[in-house]
Amino acid sequence: MRPFTYERPADVRSAVAAAGRPDAVYLGGGTNLVDLMRLGVATPRTLVDVTRISSRAIEETGGGLLIGAGVRNGDLAADPLVRRAQPLLARAVLEGASGQIRNMATVAGNLLQRTRCPYFQDVTKPCNKRLPGSGCPARTGDHRNLAILGHSEHCVATHPSDMAVALAALDALVHVEGPDGARTVPMPGLHRLPGDEPDRDTVLAPGELITAVEVPHLPFAARSRYRKVRDRASFAFAVVSVAAALDVAGGVVRDCRIALGGVAHVPWRAEAAEAALRGAAATPEEFARAADAELARSSPLPGNAFKAPLLRNVLVRTLADLAEPAEPAGFAESEPVETP
Amino acid sequence: MKTEARPYVGAALERVEGVEKVTGLARYAYENFPDDLAYAVPVQASVARGTVLAADVDAVVRLPGVIAAIWHGNAPRLAPADNAELAVLQSDRVAYRGQYVAVVVAETLQCAREAARLLRIDYDAEPHDVELRADHPEMYRPDRVNAGYPADTELGDPDAALAAAPVLVDATYRTPAEHNNPMEPHATVAVWSGDGLTLHDSTQGVSALRETIAPLFGMPPENVRVISPHVGGGFGSKGAALPPVVLAALAAKHTGRPVKLAVTRQQMFAVTGYRTPTIQRVRLGADTGGRLTVIVHEAFEQSSRLREFAEQTTTPTRVMYAAPDRRTAHRLVRLDVPTPAWMRAPGEAPGMFALESAMDELAVACGIDPVELRIRNEPAAEPESGLPFSSRNLVGCLREGARRFGWADRDPTPAARTRGRMLVGTGVAASTYPVYRRPSRASARCEPDGRFSVRIAAADIGTGARTILTQVAADALRVTPDRVRVEVGDTALPAASLAGGSAGTASWGTAVVRACEALLEELDLRGGDVPAEGLEATADTAEEVGEQPEYARHAFGAQFAEVGVDLDTGEARVLRLLGVFAAGRIVNPVTARSQFVGGMTMGMSMALLEESVMDREFGDYLNHDLAQYHVPTAMDLPDVQAYWIEEDDPHLNPLGAKGIGEIGIVGTAAAVANAVHHATGVRVRDLPIRLDKLVR
Amino acid sequence: MNGETDITGAGGVPDPVTADLRLSVNGVPRPVTVDTRETLLDTLRESLGLTGAKKGCDHGQCGACTVLVDGRRALSCLTLTVTADDVEIVTVEGLADGDALHPLQAAFVENDAFQCGYCTPGQLCSAVGALAEAAEGWPSAVTPGLSAPPRLDETEIRERMSGNLCRCGAYPGIVAAVGQVAR
C-alpha cells in the first residue's frame, strides 16, 4: 500500500474540497477500497473518510424513500421502512456478500464498488480498466464470469453489486454533491458501459460525492423478486441475477421493471424485455419472448455463452413466479419432467 | 499382536486444547514475537519461464523502514537441495509464474509490503507451456509415483480381455488442479542465534522439516529447532518443506534479525503446492451380470520443471475390485507450472472419482444396482498382490450405508424425480485408503505426584492427535486422561513422523504405547516407586514397524449422496451426504466424526466447487483467492453424516486403528457426480460440476 | 507489474504517515501509534498482542478476522485502524467473563465445532453478532418473509454464518453450537 494521509472532514463541503486534490479518494466502509489498496490496484495519496458525515438516515419522502449514503448495507436490509416499502431492495442487499461485509459496506460504496474481474485485480497483468491501453486479456482468457451484454473490445468486466441491480430496476435517483454543486443522477445511468474508456465506471466527475439514494415508491413492486444464481450456495458473487417487479391485471402485464446483474459493466436495465412485456399476456410464452428480445442484444464470448440460456431460464422463471400465485408448499415426488 | 479393549480408547474425550482455541489463546506460527523482529514480504516472478536479469534492490533499500532486499544476486548461498523448489533465490532461472524471486525485509509489515510492491525486476521472458494434454509429446513414465508405488502394473492380457468383453465402459474423466487452502496460510518466524536456527512454523511435521532445512544451511539437524504447537490446517500442503520457510530462514540469516513471513492467500496458489490436474481414461469390461473381466485405468498428470511429483492416481484401482486382466499406468509431463504436491488423499481422491464414476456407468450399462455391482466384484484377496486383506469391510459399509441412507427403493431411472423446481437424484461410490505406519519415537515420564507426561514430535493440525494420544497414553499407563499431558509439535521432543498419509494415529500411537509400556516396566522394577526427579522411558518403533507381516492393509468406506439440480439454472447442491467407514478401531468418536465429515465436505467441494483455473496466456492459477476459488460455506452441505463399522483387526498396530483423515474425501466426488447423473441424466466427467455443465 | 512505479523519480514515494490514536479494545483503552496503512487486524495482532483474530485471506473473503465493532460483527482485515478510534472493539479474547467461557465458546467446545481452530475466533465473534442481529429481528436471505421476525432454524444459522469459512468442515458442530445458544 502506498502511504497516504487520512482526513476526516467535518462536513460534505469540506469533504468535496479535500477530494479535489490529486489522488484523493473517498473512504466509506472500505470493504472494496481497502481490498484494492492492498492489491495495489488503488494507490491513493489521500483518503477522505466520509463515514462520519454521510447520512445514516432512512426517511420517507413524499414519493419514496431517501436513503443516506452512509447507511450500512446491514442496516438497510433490516430497516422496517425498506422491508415494507422496498422489499426488492432489501432482498437484493441480503443476497450480497456476508453479514460482516454488509455491516461495513455503505450504500454509496456498494454502488461504487469495482469489478471483480480477475485481470483487473492482478496488477501484474494488463487491464484496460486499471491501466488504459494495456489490453484486455479476459477476452481471450478466462471470462466465464464476465459480461455478455454491452461490453466492448476494451473491457468485458461486470459490475458486481446486487443492491445496484435492484436500484436500477426501481428507477432510483442518486443524489450527488460536487465541486460544482448538487445534482441528481438517475439509475440506470449512474454506471456507464465500458466503450473505449473502461477505466470510468460511472458518470461521476472527480470529487463528486454520493450523499443519498432516493427510491421512488412503486406500488406494484410489492410483488417483486430478486433471484441470484451463483456457484456457491452463499457468500458468492452472482453468475447472473434478476431483479423483477410485475404488475399484472386480467392476465395482462400492465407494467414491469427488470434489471440484470452479472451480465454487464452496469446493472443492466432490461429495457427490451420490458418493452416486449408491457401490454403482453402474462404467459410463459410471452416471458420467453421478452427474454429473447433482451438476449438479442447480447454477444456472449465462448467461455460465457452459457449465460444466455441461463439468463433466459431465470428471467422466464422469475416472471412466471411473479405472475402466478405462490406454489403450494411441499413438492411432487416422481412428477415426470424433462432433462434440463 | 493382540488388541485389547481399554476404557479411554474409544471414548468421546473433548479436544484437550479446546479451551485454548475458543479463547483465542492457542498460538499459531506467526503469533510469535522475538525481540528485534523484522517483517519479510516475498516478491513473485511475473513471467512463467525465463531469467531474472536485474532487481533494483538498491532503490528499494533506500525506502523508509526497509532493512534489506534480497534476490539471487545477493542472497546467502544454500547447500544444494534434492528438491530444486527449495533452492530459493539461488539461481536466476524462473520455472513458474509466482515463484519467489526476491524478498524485502523491513521494520514494519506495511513498509515491507510497499517495498515489495515497488521492487523493480527485469526479466528475459521465454515462451511457456502450461497446458496439460494427454497427447503432450513430452509425456513420460515416471520411475515410481508418490508413496513409492510402481508407475505401471499389468496382469493377464487386458487388451484381449477388453476386445472380448460383453459389456464395455470406456470413458475419460478430468479433475482440475485444486489448492489445499488451509485457513491458516503458511507462516514462519525464523530466529538465528549463533549457529542455531529456531523456526516457529506452521507444519505437519517438525522432525521432517528440521531434517530438510538443516542441510540447506550446512548444519546438523540438532542445530535447528522447529516449534509448531498449533497448525491451522494443512491437508497435505504443510507436509513437506516449501519455499516460504526457506526464504524466512534465509532472510533472517541475511539481515541478522528475527524475521516473520506469512504467505498471502494469493501466493498460496503458486508456492505451497496443489493437487495436480488429471486426465484419466478408465476402461471396464464385464459380463452381462456385471462381473468385471478387465480393468484398465490410465492417468495423465503434470509436474513442474523443478521437481518430479507424480501423484499415485490409479493405485486405488489396484485394490478395489476383482478382475483377472488389468492394467494401471501413470504418465507425467513437466510444464512451466507451480509444483504440485500432496493434497488430502493424493491419488485416491482423483483416482476414485474416475473409477467410481466408471463403476456407476457400468451399473447403468448392465442394469444392475450400483451397490450390488460393487458387491459382485468384491475380491477375495488384494487383486494385484494376491495378499490377504488384514480386514476388508467394503461390503459391510455399502450395506450399512444403503440401509441408513434409504437406498432400497431407489428407482434407477435418471431424470425422473423433482422436488419443487429441482431435479433430485441419489448416487453411491466406494472409498478406500491405505493403512500406513511410520517409525516414530516417544517418551513417557512419571512425576512423583502421580502425573504423567508423554512427549512426541507429532503434529495436531486439527485432527485431534493431541487428544487421542492422551487417550492412548491413559490406557497404556492405566490412569485417567486428566493425569496425562501430551506434548507435541516441537523438535525438542522425540522425533516422529509427519501428519500425513492418515498415519498419525498408527505411527505415533504405537510409539506412545511402547513408551508407556516401557515406563510401566521401569516402575514395576522399582516397585512403583517414583524418584524425586521423576522417571522417564523412551521408545523407538523403527524395528517394530519394519517387521510388519505382509498383509494388504486398507480402510474402506461407502459414500451416499442426494443431489438437487435446479431445473432453470443447473445449480447443483448436495442435499444429503452419508458415509459409512470401516477403519479399524475408532479411538475417539467425536474427533473421528469431525475428520470423516471434514473429508466428506471437502469431497463435496471437489465435486461441485473447486477448480484452480490455469491462465494459459500468463501461466498462473488465475482465481487465486477465496472469493474466486470457492470452498464450501455452511450453506453448501446442509446434511452430512458419518458412521463407521468397528473392526477388530489384529494385524495393524497396538491400537487396531486404521487412518481416518483422508478416506472421507475419497469417493465423495463420484457419489455426487453419480447422483447428478441420476437426477438429470447428464454424466459430467469433468469436475467441478458447476451450473454451466448442466444448464440447458 | 512489480515495480511499475518509478521510485527513483521526483516525488515518487511518499513517507509513511502515522497517527496517534486511542483505541478501545475489550473495554480497555489502548493508545497506539499506527501507520495509516495499518489494518485493525494487524494492529491487534502485531501491536497489541491480541492474536485471537486471525488472518486467513486479508481480503474480506474468509471471515477469520471477524471482531465486534460497536456490537456489530465486522472484518478487521478491511478496517483501517486509523478509522477505529471512536468505536468499541471486542475480540475473541474479550468474550469470556474471566475464567467463565462465553456460552458460545462453551458450546463450540461441547459440539466439537472446530478442528484446526484457526477460523474459530472469527466464527465466535460472527456468531455473537449474528445472534444479536437475529434478536433485533434482522432478516436474512433465507428468511421466508420480510415482515415477521426470523426464526433461527438451522438454515437461518447456516446462511447467517456463511461469511465464515471453515476448511476443516466443522460446520455441523458450528451450526449445532450456535443453535444451542440461540435457544
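**Notebook: chains A and B of a predicted model**

I began with B:Arg97, which is buried at a relative accessible area of 5%; buried means under 20%, exposed over 50%, and partly exposed in between, for a 1.4 Å probe and protein chains only. I noted that this is a predicted model in which local features need pLDDT of at least 70 and side-chain atom pairs pLDDT 80 or more, while totals for chains, interfaces and linings use all residues. Side-chain values use heavy atoms without hydrogens or water, residues are numbered from 1 along each chain as written, and chains are lettered from A and ligands numbered from 1 in written order.

**Entry 1: salt bridges**

I looked up the partner of B:Arg97 and found B:Asp620, with the closest N and O atoms 3.3 Å apart. The salt bridge rule asks for a side-chain nitrogen of Lys or Arg within 4 Å of a carboxyl oxygen of Asp or Glu. B:Asp620 lies in strand β28 and B:Arg97 in the loop between β4 and β5 of chain B, so the pair ties together parts 523 residues apart in sequence. Helices (H or I, at least four residues) and strands (E, at least two) are DSSP runs numbered from the N terminus. B:Asp620 is also buried, at 7% relative accessibility.

In chain A, I found A:Asp49 bridged to A:Arg52 at 3.4 Å between the closest N and O atoms. A:Asp49 is buried at 1%, whereas A:Arg52 is partly exposed at 35%. I recorded a count of 97 salt bridges over all chains.

**Entry 2: helix α10 of chain B**

I then examined helix α10 (residues 394–405) of chain B. Its buried residues include B:Leu394, B:Leu398 and B:Phe405. The buried residues cover an arc of only 160° around the axis, which puts them on the same side of α10(B); the arc is taken from the directions from the helix axis to the C-beta atoms. The face turned away from that side carries the exposed residues B:Arg399 and B:Arg403. Within the helix, B:Glu400 forms a salt bridge with B:Arg404, their closest N and O atoms being 2.9 Å apart. These two residues are four apart in sequence, about one helical turn.

**Entry 3: strand β17 of chain B**

Nine of the eleven residues of β17 (residues 325–335) are buried, so this strand is largely enclosed by the rest of the structure. I found eleven bridges joining β16 to β17(B) in parallel, and three joining β9 to β17(B) in antiparallel fashion. Strands pair if DSSP finds at least two bridges between them. B:Gln302 has B:Val333 as its bridge partner in β17(B), and B:Thr153 stands opposite B:Thr328.

How values were computed
Expected span 1.5 Å × (residues − 1).
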